Structures are given as C-alpha cells and as structure tokens.
Amino acid sequence: MDTRDFHVLRMRMIFTTLCFALLPLLGVGITVYYQFSEAYWNKIEEAARTLVENRRDSLELFFRERIAQLVTLAHSGSLSHLKDEAYLANVFALMQSRSKSFIDIGIIDDKGNHVAYVGPYYEQLKSVNYSDTQWFHAVMSSGTYISDVFLGFRKMPHFIIAVTAAQGNRTWILRATINSDIIENIVRRGQVGKRGDAFLINKNNVLQTPSRFSGKILGKPDAPDFSNTVATTVERSEHRAKDLVFAVSPMVDPKWTLVIEEDPKEVLAPIFATRYLAALVIVSGVLIVVTGTIVTTRSMTNELIRVQREKAASEDVLMQSSKMAALGKMAAGVAHEINNPLQVISEKAGWMCDLLAKEDLKASPDFEEFEDCVKKIERQVERCRHITHRMLRFGRRMDPTHEVADVNHILQETLTFLENEAYHRDIELSVSYDRDLPPVTTDSSQVQQVLLNVIDNAIDAVGNGGKISLRTGSKTGTDGKVIFAEVSDNGPGIPKDVLKMIFDPLFTTKAVNHGTGLGLSISHSIMEKLGGGITVDSEVGRGTTFTIYLPLAAIMNP
Amino acid sequence: MEKIRVLIVDDEEEFVESAVKRLATRGLQAAGATSGMQALELSESQEFDVVILDVRMPHMDGIATLRELKKRHPLMEIIMLTGHGSVDSGIKGLQLGAYNYIMKPAKIDELIKQISLAFERKLIEQERIA
C-alpha cells in the first residue's frame, strides 16, 4: 500500500467510527431535546392557565364581595334612612374601616336624582340627575351594574358599582365608586418576572388597568385582541418581535377579560440554561469523540505505515534471497550450457582416440582430421572457460562495490546469460549500443541483477517468437545528465491498474510458483540506492519498455 | 550384426557430425539431423530403427519432434538425450513413448548399448504385430 492508500484507509476508518459513535449520540440528544421541549411547554401552559384562572377568581371574588357589601347596605334601611347623609356617612365610614375600596357612595332614587352622597365630590354630584345615563337604565333593569373604567369629570380612571333595593313600590339605587388601585394590585400579581405583564380589557379591547408593556389605561393594548375570548386559553404568539405566551380568561361580571403575558425566555431561563449546558455537553462529547477518533485512527495508520516500512527494510534480506534465486536459476542454465560443449569435447576426444588407434599419424590422410578435431576441442574448452569465469565473477560480487563501469559492457554480459534462453524460444534480440556512452561510477553486479530481472521479464512477456529491443544511451533530464539502458518488448503490454503497482513489493502478475513478485520491487530499490531509477512505459497491445537510468554523478546511498 | 539404422538429432552440429562418424565405424548405419524438422524430413525418405533425440532444440523441440515421429513411425524407438540439469523433460519423453533417456555428456559405448536394447525391443514389437 502506498501513502494514498493509507490516507483512504484512514478516512474510511474515521468515517465509519464516527458514524457508529455519533449517530446514536445525536439521536439520543435530539430525542431528549424535543421530548424536553415538549414537556417543558406543557408545564408552562399549565402554570399560565393556573395563574390566570387564580387571578380571575380573585378579581371575581373582589367584585362579588363589593356587590354583596353594597346590597347589604342598600337593604340596611329604608330610603328615608339612606337619604340621611349623616346615617350614610356613618355606614360609609364603617365600610371604609374594613376596606378602602370605595371612594364614595351615593343614593339615587328611581327618578335618577342623586338624593344622598358621601364622598369627596359632594358639590359636583349632589344635584346630578342620572335618568338619561346608560348605567342608570342598566342597573334599574338588572339590579346590579359594574361599569367600565372611565375618567368622567374626576379626570382619573375609576369605575362604579351600583345595586338596586326596593321597598314596597319604591326602588332606589346605591352607587359606589371603586378605587381602581385595588383592582390593579390584584391584576399586577399576575405579572411574572421582569418581562411578564397582566392587564384587564373590556369588550371593546380597551385597557381597564394599566399594562406594563402594552399601553396606558383606557388605551388599546399593544397585544392581540382577546376581548372575544369565551373560555380560558393559553396560546403562544409572536408579538413585539418576541415569542410570548398569553394566558387569557374572561370574567363573568364585569365582562372583562384578564390577560397575562409571559416571556418564556424569562420563565424558562433556568431550563434554557440547562438545555444549553446539555447541548454544550453533547457538542463537547462530539468534539471529544471526533478528536479521539482522528487521533486514534491516525495513530493506527501511522503504526501500519511504520510496519510497512519495517517490512520494506527487510527487503535487503529478500534482495539477497533474490540474488541467490537468480544464481540458482543461472546455475541450472550454466549446467546445461556446459554439458553440451562437454559432450562435444567428449565426442571429439573419443574420435581422436578412435583415429589414433588405427594408423600412423603424420602420414595418415587423417592428420588434417586430427588437427581439425583438436582445434575444435580447444574452442569448446575456451567456451566453457568463458562460462565458468562469468559465473565466478557474478558470484564474487555479492557485496556492494563502487567502481567505474561501462553500462554497455554490463548489458552485453547480461545478455550472454539469457541469449540461449531467447534463442530456444525463438525470441529476436536486437541491441543498439551507444558507442559514446560515458562510464559511470556504480555497482556493476547490482545493475546487472536489475538488467537480468528486466530482460528475463521481457522474455516471459513476449513468449515464443517475440521481439526484444535493447538500447543504451545518455540524455539530459530533470536530474541532470543520465545514462540509460532501455529494454522494450512487443509483448501484450501492462494494463494501467497493474502498472501503478508494478514496483510494489510482493505484487506479481505471474501464476503461483512462477514468480515471487520480488524482482521489480527490489530492482526499483537497487536503482534508487544507486542514485538512479527505473521507469516503465506500457500500453496494452503495444508492448512494454523498462528504462533503468543512472546519473553520471551517481553516488551510492549508504 | 544386422546394421541398425540410427538417426542422431541434436542442434549441436559438431556433436552430430562426430557421433555419426563414430557410430558408423562401429557398424551402425548412422545419419544426422540438426533440427526436429530435418529429422522428420529424413525419416520420410529413409527408414530408421532408433533415433537419438536431443530434448532442447530451437524451433521444434525434442518433445514435439518425439510426438511427431511416434505418430508417423510408431515402431521407431527413440532415446532422449538431455543436457539440462532437470530430468523432467526426460521423464516426459518416456511418457510420450520414448524408450529411455540419457544425460549428456553420454559416452559412445553407453549410446550403442541403449541403441542395441532399443533395437531389440523394436524387433520384438515388430514380431508381435506381425
């Protein structure tokens, strides 16, 4: 595997681990968040409903008590008693001693005349006739009446409660002005926190009590219109650029509607803080998982890379084995090569013996024959000598050396090992040597091993009847001036996906027991250590060219 | 002794040349061929009792030549001559009908002995068929 493969492996491991680790975590987090929110909103709604109903009940109780008080007072005596302002004042003082609700009280007869009054507006109200007023007719028909808040001549918000009483055929009205502060206090207790609000509106959506944020008393509230609400409701609504909760409850008498406004963010501040904390914990958890996964995966893949490098480092041992394997192969070839000339030698020598046994040497017509045989024997012997000397030179050079070498000569000598093989397979070998090839300082035996491997591969690739072309030369490239040896074959070529792995250790295209895959990888290592390199150019159907090159200033790596 | 007709087939021309001469001086009627194709051509124009056949030859190797000779001349006895370190090729020849195999370098006496034995077998086989 190369670096890119390890990178892909690392990414896959990270992705898989994160999926298995984070998806359940996120699932749990999201589920808890939404469950939490749902339960949370239910609680808010419940609390708001309870609050608005409690406040409404308090208000209704207040009004019922005031009405009860007035009814009791109205029936406490006859009209003639109640018309007595001194008596009325005493009763009023008694009422005030229990509660400061009432500002004033007055007695109005069935003609609408104000017949008695106790309060601070005696001069203004004493002689007023109410027979044309809406409230007079309302109370006369229903028996009780609570007005909306109004300013009147007093120029201050107030409202009245009026009740009727009757004795015989005489009916009178007891009317009281209520201190609206008390109502406002009751309503104000419905304000929650610093951003909560509570107010009363009438059927015309006019504020009956001042609002904290929605407007002044007797104005229209800056809120949705709840004046037609018929039952307690709690709703969420966006208003004044905020998400607000409105708890609304209508009153029976008076027909006002209590509105309590809450800002959930304030109410739920502790919950939000908890939620943010939970989110922070989850995000931190995610970051820890991600960081841990990346660090662990990186560590594992680095370990894999280290192991691979160590394995690659043991290529020296494999290189040695490869050399021995090559030697073994060569020995078999040499044995065959030697045996043939030896056979000839044996025959010729034998023939000579046969002839010598027959007649006198010099006078013999076979003398030339003898001479010819001897020369042939000598040639065969020389042939054997070349072979064995070559083998010895190769075997002697097992340790790396650093010598001036002629690549043409190295190639030529390498070909002698494989010429026979090529000949028997009908493979045409054509060689073009660059006569001006400069010498290079390198390890000849290692270069020869590489050439041997490459040419051997070419022989295997072309099969019987193929063609292999060899060429030496020099050129100037990005690495400066280099000398090269090129081995081209007209074999089937190497597919692109195989080509990119061709120099990987243990990669082989040969069948089992027909190749260890060590050759090209080690050849690559050898050439790199010699300061050069090996390249391959191949196309399916066109053949393959391997080029080994050495820079002229080649220096062996330690 | 009836002259045994022997064909020596080996791509080493010098060996063939010498072996033919030496066999001839020992009373055998010997001819030589330096390739499988030449051996087949000669076997069509002349009759041979025994063939000494080299295993490793270019173009048409010994095994291919053996197969073709046995197809054309089933009674012909063939002795494989192998110079390679491995005996696999010799054994393969035996499986294809060769009489025996000899490792190079083979002495002339060993060759003649194997030729004689092969010839005897050919005679026996000929009588059996007749």
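**View 1. The loop residue A:Lys155 is exposed.** With 7 other C-beta atoms within 10 Å, A:Lys155 counts as exposed, where a residue is called exposed if 12 or fewer other C-beta atoms lie within 10 Å of its own, buried if there are 20 or more, and partly exposed in between, the C-beta atoms being placed from the backbone. A:Lys155 sits in the loop between strand S3 (144-146) and strand S4 (159-167) of chain A; helices (H or I, at least four residues) and strands (E, at least two) are DSSP runs, numbered from the N terminus. The phi of A:Lys155 is near 60°, a positive value in a residue other than glycine. This is a predicted model, in which local features need pLDDT of at least 70 and side-chain atom pairs count only at pLDDT 80 or more, while totals for chains, interfaces and linings use all residues. Residues are numbered from 1 along each chain as its sequence is written, and chains are lettered from A and ligands numbered from 1 in the order in which they are written.

**View 2. A loop residue of chain B, B:His59, has a positive phi.** B:His59 lies in the loop between strand S3 (50-54) and helix H3 (62-72) of chain B, and its phi is about 65° although it is not a glycine. Is B:His59 exposed or partly exposed? It counts as partly exposed, because B:His59 has 16 C-beta neighbours inside 10 Å.

**View 3. Strand S8 of chain A and the loop that comes after it.** A:Lys242 has its place in strand S8 (residues 242-250) of chain A, and with 13 C-beta neighbours inside 10 Å it counts as partly exposed. Although A:Lys242 and A:Lys265 are 23 residues apart in sequence, their C-alpha atoms are 9.5 Å apart in space. In the loop between S8 and strand S9 (257-262) of chain A the reader can find A:Pro254, which is joined to A:Asp253 by a cis peptide bond with an omega of about 5°.

**View 4. Helix H14 of chain A is largely enclosed by the rest of the structure.** Helix H14 (residues 519-529) of chain A is described in this way because 9 of its 11 residues are buried. Among the buried residues of H14(A) are A:Leu520, A:Ile522, A:His524, A:Ile526 and A:Met527. H14(A) is followed by A:Gly531, whose phi is positive, near 90°.

**View 5. Helices H11 and H12 of chain A cross at roughly 40°.** The axes of helix H11 (residues 407-424) and helix H12 (residues 444-462) of chain A come within 9 Å; axes are lines fitted to C-alpha atoms, for helices over the stretch in contact, and angles run from 0 to 180 degrees between N-to-C directions. The angle makes H11(A) oblique to H12(A), since angles under 35 degrees count as roughly parallel, over 145 as roughly antiparallel, 65 to 115 as roughly perpendicular and the rest as oblique. The crossing of H11(A) and H12(A) is right-handed, a crossing being right-handed if the near helix is turned clockwise from the far one by less than a right angle, and left-handed if anticlockwise. Residues that make the contact include A:Ile410, A:Thr414 and A:Phe417 of H11(A) and A:Val447, A:Leu451 and A:Ile455 of H12(A), two residues being in contact if their C-beta atoms, placed from the backbone, lie within 7 Å. By class, this contact has 11 nonpolar, 3 polar and 3 charged residues, where Ala, Val, Leu, Ile, Met, Phe, Trp, Tyr, Cys and Pro count as nonpolar, Asp, Glu, Lys and Arg as charged, and the others, Gly among them, as polar.

**View 6. Helices H1 and H6 of chain A are roughly antiparallel to each other.** Helix H1 (residues 3-74) and helix H6 (residues 180-188) of chain A pack at an angle of about 160°, with their axes 9 Å apart. Here A:Arg55, A:Ser58, A:Leu59 and A:Phe62 in H1(A) meet A:Ile183, A:Ile186 and A:Val187 in H6(A).

**View 7. The side of chain B that touches chain A.** In this view, 18 residues of chain B are in contact with 18 residues of chain A. Helix H1 (residues 13-25) of chain B gives the largest share of the side of chain B that touches chain A, 7 residues.
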